[in-house]
Amino acid sequence: MDVVRVMESLAEQGVTVLFKADAERMREGVKPWTFVASGAPFHEDLLVRTDAVSVEACLDVCLPRLREFGVAIPE
């Protein structure tokens with residue numbers, strides 16, 4: 001999966017995406033990656049969020065949820 005292409009596609013649809021790598025959690029070996037998506041087409045207070053061990057694991061959790069909200073995700 002081309003992560004950049006997915007992020008660009010989300011942004012084009014009005015979704016704001018944040019990926020974060022937490023140095024402290026990385027040192028502790030505890031799910032250092034965070035993914036947060038918000039904005040259109042969601043309600044103002046709705047977020048799609050997860051913490052995971054890798055960028056890919058974040059996407060495995062969050063992309064299906066985004067699809068449920070009608071967001072088109074490139075393969």
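In what order do the 3 strands of the open sheet lie, and is their pairing parallel or antiparallel? To find out, select β1, β2 and β3 in this predicted model; the order across the open sheet is β1-β2-β3, and the pairing is antiparallel. The edges are formed by β1 and β3, each of which pairs on one side only. If you look along the sheet, neighbouring strands are turned against each other by 10 degrees on average, with direction ignored.

**The helices on the sheet**

Add α1 to the selection, and you will see that this helix packs on the sheet, where it touches β1 and β2, its direction making about 140 degrees with that of β1. Next add α3, which lies across β1, β2 and β3 and runs at about 155 degrees to β3.

Now keep the two helices alone on the screen. Two packed helices are described by the angle between their axes and the distance between the axes. For α1 (residues 3–12) and α3 (residues 55–68), the axes come within 12 Å and cross at roughly 35 degrees, and this crossing is left-handed. Show the side chains at the contact: α1 contributes Val3, Val6, Met7 and Leu10, while α3 contributes Val55, Leu59, Leu63 and Leu66. Colouring this contact by class gives 8 nonpolar residues, with no polar and no charged ones.

**From β2 to β3**

Return to the sheet and select β2 together with β3, which run antiparallel and are joined by 5 bridges. One place to zoom in is threonine 34, whose bridge partner in β3 is aspartate 51. In a regular strand the side chains alternate between the two faces of the sheet. With the side chains of β3 displayed, Val48, Thr50 and Ala52 appear on the covered face, whereas Arg49 and Asp51 are on the uncovered one.

**The aromatic pair**

How many aromatic pairs does a search of the whole structure find? The search finds 1, and to see it you should select phenylalanine 19 and phenylalanine 35, whose rings are arranged edge-to-face, at 5.1 Å centre to centre and with 70 degrees between the planes. Phenylalanine 19 lies in strand β1 (residues 15–21) and phenylalanine 35 in strand β2 (residues 33–39), so the pair ties together parts that are 16 residues apart in sequence. With a surface switched on, compare the two members: phenylalanine 19 counts as partly exposed because its relative accessibility is 25%, whereas phenylalanine 35, at 0% relative accessibility, counts as buried.

**Threonine 16**

Stay in strand β1 and select threonine 16. Not counting residues up to four places away in sequence, threonine 16 touches Val36, Ala37 and Ser38. A distance drawn from the C-alpha atom of threonine 16 to that of arginine 49, 33 residues apart along the chain, comes to 12 Å.

**Proline 41**

For the last stop, move to the loop between β2 and β3 (48–52), where you will find proline 41. This proline 41 is partly exposed, with a relative accessible area of 48%. Leaving aside its neighbours within four places in sequence, proline 41 is in contact with Gln13, Val15, Phe69 and Val71. A final distance to draw runs from proline 41 to aspartate 60, which are 19 residues apart in sequence and 20 Å apart in space, C-alpha to C-alpha.

Note on methods: Residues are numbered from 1 along each chain as its sequence is written. This is a predicted model: local features need pLDDT of at least 70, side-chain atom pairs count only at pLDDT 80 or more; totals for chains, interfaces and linings use all residues. Side-chain values use heavy atoms; hydrogens and water are left out. Axes are lines fitted to C-alpha atoms, for helices over the stretch in contact, and angles run from 0 to 180 degrees between N-to-C directions. Helices (H or I, at least four residues) and strands (E, at least two) are DSSP runs, numbered from the N terminus. A crossing is left-handed if the near helix is turned anticlockwise from the far one by less than a right angle, and right-handed if clockwise. Contact means heavy atoms within 4.5 Å. Ala, Val, Leu, Ile, Met, Phe, Trp, Tyr, Cys and Pro count as nonpolar, Asp, Glu, Lys and Arg as charged, and the others, Gly among them, as polar. Rings of Phe, Tyr and Trp (its six-membered ring) pair if their centres lie within 6.5 Å; planes under 30 degrees apart count as stacked, over 60 as edge-to-face and the rest as tilted. Buried means under 20% relative accessible area, exposed over 50%, partly exposed in between (1.4 Å probe, protein chains only). Two strands pair if DSSP finds at least two bridges between them.
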